[in-house]
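Visitor: Could you walk me through this model, one question at a time?
Guide: Gladly; let us put it on the screen before we begin.

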Amino acid sequence: MAAEPAAVGSGERRAAEPAAAGGLRVPVPGRCGYFVERKKRFCKMIPAQGRLFCGEHGHQEEENDRKRIPCPLDPKHTVYEDQLQKHLKKCNSREKPKPAYFVQDINAGLKDATEILDEQLPISSLSKEELEDLIKKLKKASNGIKPILKDQMLSHQALQEALNDPKNGESAFKHLKQQASILGNMEKLHLLGPGRCFIEFGAGRGKLSHWVDIALQDAENVHFLLVERATTRFKVDGKHRKRDYIFERLQVDIQHLCLNKVPILEKEKLPVVGIGKHLCGVATGMNYTNVLA
């Protein structure tokens, strides 16, 4: 019976699983024989010579009397109990040395609101003169601030070809429109130009920085810092390796990020432009004085 066509999804090429008599799927030769129910396919790991299952699913073999236990650093994977100490030294989930720009909770705000409330008098205790003086200060501080922010859905020519590509589905088109609008607003504010460092917060795959790079064309002395706390797969950074621009990733939560201590910013002293399409985490909406100072 002919093998089923290879399935391709999420940018990852999957090996075809041949079908046995009766239409039942069987493992790909040389791959693990464990069927992953959640993914509706066989495990793709390669087992040791003479074994039917990979190390992760080795407990399925009756002759294998070695016990596997959840990794204490990350219970999403398991390890042989008798190799636990060796595994902990090289596990990808182990705590790694903190970079210079990691400053614990520098952008997290106050952990307890009572830290400042205890030091301040309630407004009700102020005299009439003190209250009037406070109002004057607040008016002076807010002078020139526009109380209403208008939505400006703009676009940018750097994304026109992608926006007009019929191959893009509804989801891809939505993201492209958002990215085009961000670039359009940046251009309106004269933020797109040479001699500056663009910092993408919550960068993910780095698509927004990619389009900023396209929009800048051959502008000189431009750097990109992509801030992302997670290890991201299918990054687009590789498309820029032949360029003179610096694309550097900072794997850190914004909550703990002190840009003053990022080596490239200490060395180059470039103006900083902060961008972001989607942010989440403790530092979101907080005072970015320490981040952007």
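**A guided look at the fold**

Guide: The secondary structure of the protein comes to eight helices and 10 strands, where helices (H or I, at least four residues) and strands (E, at least two) are DSSP runs numbered from the N terminus. This is a predicted model, in which local features need pLDDT of at least 70 and side-chain atom pairs count only at pLDDT 80 or more, while totals for chains, interfaces and linings use all residues. Residues are numbered from 1 along each chain as its sequence is written, and side-chain values use heavy atoms, with hydrogens and water left out.

Visitor: What percentage of the residues of the protein count as buried?
Guide: Buried means under 20% relative accessible area, exposed over 50%, and partly exposed in between (1.4 Å probe, protein chains only). Of the 293 residues, the share that counts as buried is 31%.

Visitor: Which helix gives the largest share of the largest nonpolar core?
Guide: A nonpolar core is a set of buried Ala, Val, Leu, Ile, Met, Phe, Trp, Tyr and Cys residues joined through side-chain atoms within 4.5 Å. The largest one has 23 residues, and Leu159, Leu183, Phe198, Val212, Leu216 and Phe224 touch the most other members. Helix 4 (160-163), helix 5 (170-188), helix 6 (207-216), strand 8 (222-227) and strand 10 (272-275) each supply at least two residues of this core. The largest share, five residues, comes from helix 6.

Visitor: How many residues does the second, separate core have?
Guide: Among the members of this second core are Tyr101, Val227, Ile254 and Leu257. Its size is 15 residues.

Visitor: How many of the 10 residues of helix 6 are buried?
Guide: The buried ones are Leu208, Ser209, His210, Trp211, Val212, Asp213, Ala215 and Leu216. Their cover includes helix 4, helix 5, strand 7 (196-201), strand 8, strand 9 (246-250) and strand 10. Helix 6 is largely enclosed by the rest of the structure, because its buried residues number eight.

Visitor: Which residue with a positive phi follows helix 6?
Guide: Right after helix 6, the chain takes a phi near 55°. The residue there is Gln217.

Visitor: What distance separates the end C-alpha atoms of helix 5?
Guide: The expected span of a helix is 1.5 Å times one less than its number of residues. For the 19 residues of helix 5 that gives 27 Å, which agrees with the model's end-to-end C-alpha distance of 27 Å.

Visitor: Which elements do the buried residues of helix 5 pack against?
Guide: These buried residues are Leu176, Gln179, Ala180, Ser181, Leu183, Gly184, Asn185 and Met186. They pack against helix 4, strand 7, helix 6 and strand 10.

Visitor: Is Leu191 buried, exposed or partly exposed?
Guide: Leu191 sits in the loop between helix 5 and strand 7. Leaving aside neighbours within four places in sequence, Leu191 is in contact (heavy atoms within 4.5 Å) with Met186, Arg196, Phe198 and Val273. At 28% relative accessibility, Leu191 is partly exposed.

Visitor: How many disulfides are there?
Guide: A disulfide is a pair of cysteine sulfur atoms within 2.5 Å. Cys197 is buried at a relative accessible area of 0%, and Cys258 is buried too, at 6%. By the distance rule, the number of disulfides is zero.
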